Amino acid sequence: MLAALFAARGGAKVTLLEKNEKLGKKVYITGKGRCNVTNACEDVEDFLREVPRNPRFLYSALRCFGPFDMLSLLSDLGCETKIERGRRAFPVSDHASDVTKAVEKGLRQAGVDIRLHSEVKRIIVEENCVTGVLLSDGRRLPADAVIVCTGGVSYPSTGSTGDGLKWAGDLGMKVSPVLPSLVGLRTKEAWPAELQGLTLKNVCLTGYSCGKIIYSELGELLFTHFGVSGPLVIELSSHLPETGKAEAALNLKPGLTREQLDQRLTRELSAAGKKQLSTVLQTLLPMRFAALFPALCGLDGKTPCSQVSAKMRAAIAENLQALPLTIIGTRPMDEAIITRGGVDVKGVSPNTMETKAVKGLYFAGEALDVDAHTGGYNLQIAWSTGALAGKSAAAAKKEGNA
Ligand SMILES: Cc1cc2nc3c(=O)[nH]c(=O)nc-3n(C[C@H](O)[C@H](O)[C@H](O)COP(=O)(O)OP(=O)(O)OC[C@H]3O[C@@H](n4cnc5c(N)ncnc54)[C@H](O)[C@@H]3O)c2cc1C
């Protein structure tokens, strides 16, 4: 949408081909329907720190059209935004549909010919120059430039079925293997399933790979039937090695030092006398978790508190602050917020988004091998690379005519 908008504003005659019945189907489900439209990050370097793969590739795109440009564009088109925690920007209305509506208004004002239910089957290339596209209904559409913004392969029900990656592969371009990212994680341990639906707030999750810390943050974690999810886990998933495997430790009491925790345990256990261990643990953990927790420490929850030895107390403290979780893989692609992998950025010019192999062929958005953490960064990558591709394609056309 942004590629079409900026190409049209740059003077090109633009046709936007969308196979769905409406524009921006994925945008509707972003930010739980509120659309975290960008991250109001003033410094490009700060933005790039949130992009674990190929961040430098985005430098020109972000300089060309950054987060504040997106916020102004939306405001100009009648969609006011607000900034929340972590600089996350949302439409004031909290309706993702207002973002799409605003951009659609801009597209119509710029004279873009929007064609819905129009699926592209392949890109037509002659002598290393793009000459148009072939639609699934057999029609050919000639073009001087084609900008592929078909997204990744996650949530394919929204239309992102990886068509652009296939076209790139067919044209001999390198495509990095795709993996799900920003997604729930499966654990080897079965106990998280017993706590399905339980959310823990203010806990610290640390991920390790080959003995090194790959992620450590404080926040919210959700137990599920497959393992763990929630903001901390979703974020950890983008730091995982390609195997999708890692060790993790959950600190359920990150606000206490080990000494403070031990003192608190000693105090509460000695005050509790004959009460059962699992009952006393309810002062430290949600009830369902307190019932299960002694078993995770190799203890019997029915043990009277007066019989809890120093060794047992140490095991409780250790597990309260470093409860082990073994990550054995991610949830499938259709549940992933983002696709990791895609069109190799080495085959695309970072200054224009034009491919090096085919003149007039551009790629933008999630189809490229760039992905970011949560916080509005992924949509901004799509807006920025789309805007740069659109401007570049229009400028190239003008140069060609001159
Ligand atoms: C549940 C969920 C929540 C998210 N929340 C956020 C968030 O709050 N903030 C954020 O920054 N990011 C979020 N993201 C990620 C963000 O939505 C994507 O990174 C972004 O939409 C990518 O934009 P894109 O234009 O590259 O691809 P897409 O948005 O996937 O758009 C690709 C479009 O191309 C069309 N298309 C595909 N193939 C063809 C074809 N052959 N012919 C014609 N049309 C075709 C598709 O129908 C689709 O409309 C979320 C993702 C998900 C799944």
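In strand β14, the bridge partner of Leu222 is Ser229, and this pair offers a convenient place to enter the structure, which is a predicted model. Leu222 belongs to strand β13, which covers residues 212-223, and β13 pairs with β14 (residues 227-229) in the antiparallel sense over 2 bridges. The two strands β13 and β14 make a hairpin in which 3 residues lie between them.

On its other side in the pairing scheme, β13 is joined to strand β12, residues 199-209, by 9 bridges, and these two strands also run antiparallel. Two of the partnerships can be picked out by name: Leu205 has Glu217 of β13 as its bridge partner, while Val203 has Gly219 of β13. β12 and β13 form a hairpin as well, with 2 residues between the strands, and in that turn Cys210 has a positive phi of about 50 degrees.

These hairpins are parts of a closed arrangement. Following the strands in the order β11-β14-β13-β12-β15-β16, one finds that 6 strands close into a barrel with antiparallel pairing. From one strand of the barrel to the next, the twist averages 45 degrees. In general terms, the strands of a sheet pair through backbone hydrogen bonds, and they may do so in either a parallel or an antiparallel way.

It helps at this point to step back to the whole chain. The protein has 14 helices and 18 strands, and its C-alpha atoms fill a box of roughly 90 × 40 × 35 Å when the box is taken along the principal axes. Of its 402 residues, 42% count as buried. Among the contacts between residues at least 6 apart in sequence, 73% join residues that are at least 24 apart.

The protein is divided into two domains, of which domain 1 is made of residues 2-179 together with 338-401, whereas domain 2 spans residues 184-330. The C-alpha centres of domain 1 and domain 2 lie 41 Å apart, and the contact between them takes 5 residues from domain 1 and 5 residues from domain 2. On the side of domain 1 that touches domain 2, the residues divide into 2 nonpolar, 2 polar and 1 charged.

Turning to other strands, the reader meets an open sheet of 3 strands in the order β6-β7-β8, again with antiparallel pairing. Its edge strands are β6 (120-126) and β8 (140-142), each of which pairs on one side only, and the twist in this sheet averages 30 degrees from one strand to the next. Between β6 and strand β7, residues 129-135, there are 6 bridges, and the two strands run antiparallel; within this pairing, Ile123 stands opposite Val133 in β7.

A further antiparallel pair is formed by strand β3 (residues 81-84) and strand β4 (residues 88-91), which are joined by 4 bridges. Glu84 has Arg88 in β4 as its bridge partner. The hairpin of β3 and β4 has 3 residues between the strands, and there Gly86 takes a positive phi near 70 degrees.

Strand β6 reappears in the surroundings of helix α7. This helix, residues 163-170, has Asp163, Gly164, Leu165, Trp167 and Ala168 as its buried residues. The elements that cover these buried residues include β6, β9 (146-148), β10 (175-181), β17 (338-343) and β18 (361-363). Just after α7, Gly172 takes a positive phi of about 85 degrees.

The last stop is the ligand and the shell of residues around it. There are 32 residues around the ligand, and those that come nearest are Gly31, Gly151, Gly159, Gly365 and Leu379. By class, the residues of the shell divide into 11 nonpolar, 14 polar and 7 charged. Two helices, α2 (25-29) and α14 (377-401), each supply at least two residues of this shell, and α14 provides the largest share, with 4 residues.

Methods
Residues are numbered from 1 along each chain as its sequence is written. This is a predicted model: local features need pLDDT of at least 70, side-chain atom pairs count only at pLDDT 80 or more; totals for chains, interfaces and linings use all residues. Two strands pair if DSSP finds at least two bridges between them. A residue is near a molecule or strand if its C-beta atom, placed from the backbone, lies within 6 Å of it. Ala, Val, Leu, Ile, Met, Phe, Trp, Tyr, Cys and Pro count as nonpolar, Asp, Glu, Lys and Arg as charged, and the others, Gly among them, as polar. A residue is buried if 20 or more other C-beta atoms lie within 10 Å of its own, exposed if 12 or fewer, and partly exposed in between; C-beta atoms are placed from the backbone. Two residues are in contact if their C-beta atoms, placed from the backbone, lie within 7 Å. Domain bounds come from an automatic or database domain assignment. Axes are lines fitted to C-alpha atoms, for helices over the stretch in contact, and angles run from 0 to 180 degrees between N-to-C directions.
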